[in-house]
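Dear colleague,

Please find below the structure that I am handing over to you. My notes on it follow directly after.

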Amino acid sequence: DECQPDCDGDGWIDPCDNEGDCDGDGIPDNCELDCNENSVPDDCDIIYGISEDCNENGVPDECDIANGLEEDCNENGVPDSCDLEDPENDQNNNGVIDECECVGDADLDGYVNVNDLLIIIGYWGNNIPQADLNFDGIVDVSDLLIVIGNWGPCE
């Protein structure tokens with residue numbers, strides 16, 4: 001029937017095509033997206049656990065990262081947005097994965113400088129995550145020393 005799809009143009013309508021259909025959706029595998037070019041359609045990568053899809057957008061995580069749709073600052077293969085779902089990865093609760101932060105950069109401007117020093121002094125004696133750089137529950141001399149010890153541009 002010329003009204004039914006033939007995605008690969010081989011003359012066989014998709015439901016009757018002898019091509020593989022790993023997910024049983026009626027579309028031959030060779031017509032489905034394969035962003036990581038491993039010869040397995042993306043949806044089957046996810047269904048069979050070949051690839052993770054932590055944000056459940058139907059695209060393997062490695063493709064989200066490779067295409068710049070997701071960041072992976074710590075290069076662990078997991079999008080930062082998914083890493084941030086675990087509070088252990090952002091103990092100072094500033095929306096940046098702790099291991100990716102520039103230690104001492106309290107204002108997140110890419111430099112450890114006098115502005116960061118002023119933030120520490122401004123929150124002295126309090127439990128403010130932005131300024132509690134060592135996560136010990138109080139902004140004090142230890143946090144001030146972290147700023148001084150990491151003075152300069154972030155790498």
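**Findings**

Of the contacts in the protein with a separation of 6 or more, 23% are between residues 24 or more positions apart. Please bear in mind that this is a predicted model.

The protein has 5 helices and 2 strands, and along the sequence they follow the pattern α-α-α-β-α-α-β. Of its 155 residues, 30% are buried. The accessible surface amounts to about 9,300 Å², and carbon and sulfur atoms account for 50% of that area.

Two places may interest you. The first is a nonpolar surface patch of about 810 Å², formed by Val114, Leu118, Ile121, Trp124, Val141, Leu145, Ile148 and Trp151. Helix H4 (114-122) and helix H5 (141-149) are the elements that each give two or more residues to this patch. Leu145, one of the patch residues, is located in helix H5. Leu145 counts as exposed because its relative accessibility is 52%, and the cut-off for exposed is over 50%.

The second place is Asp98, which sits in the loop between helix H3 (80-83) and strand S1 (111-112). Asp98 has a relative accessible area of 17% and is therefore buried, the limit being under 20%. Beyond its neighbours within four places in sequence, Asp98 is in contact with Glu88, Asn89, Asp90, Gln91, Asn92 and Phe135. The C-alpha atoms of Asp98 and Glu88 lie 8.7 Å apart in space, and the two residues are 10 residues apart in sequence.

With kind regards

Technical notes: Residues are numbered from 1 along each chain as its sequence is written. This is a predicted model: local features need pLDDT of at least 70, side-chain atom pairs count only at pLDDT 80 or more; totals for chains, interfaces and linings use all residues. Side-chain values use heavy atoms; hydrogens and water are left out. Helices (H or I, at least four residues) and strands (E, at least two) are DSSP runs, numbered from the N terminus. Buried means under 20% relative accessible area, exposed over 50%, partly exposed in between (1.4 Å probe, protein chains only). Contact means heavy atoms within 4.5 Å. Patches are made of residues with over 30% relative accessible area and no salt bridge: like charges are joined within 9 Å, nonpolar side chains (Val, Leu, Ile, Met, Phe, Trp, Tyr) within 5 Å. Accessible areas come from the Shrake-Rupley method with a 1.4 Å probe; for residues, only the protein chains shown count as cover. A salt bridge is a side-chain nitrogen of Lys or Arg within 4 Å of a carboxyl oxygen of Asp or Glu.
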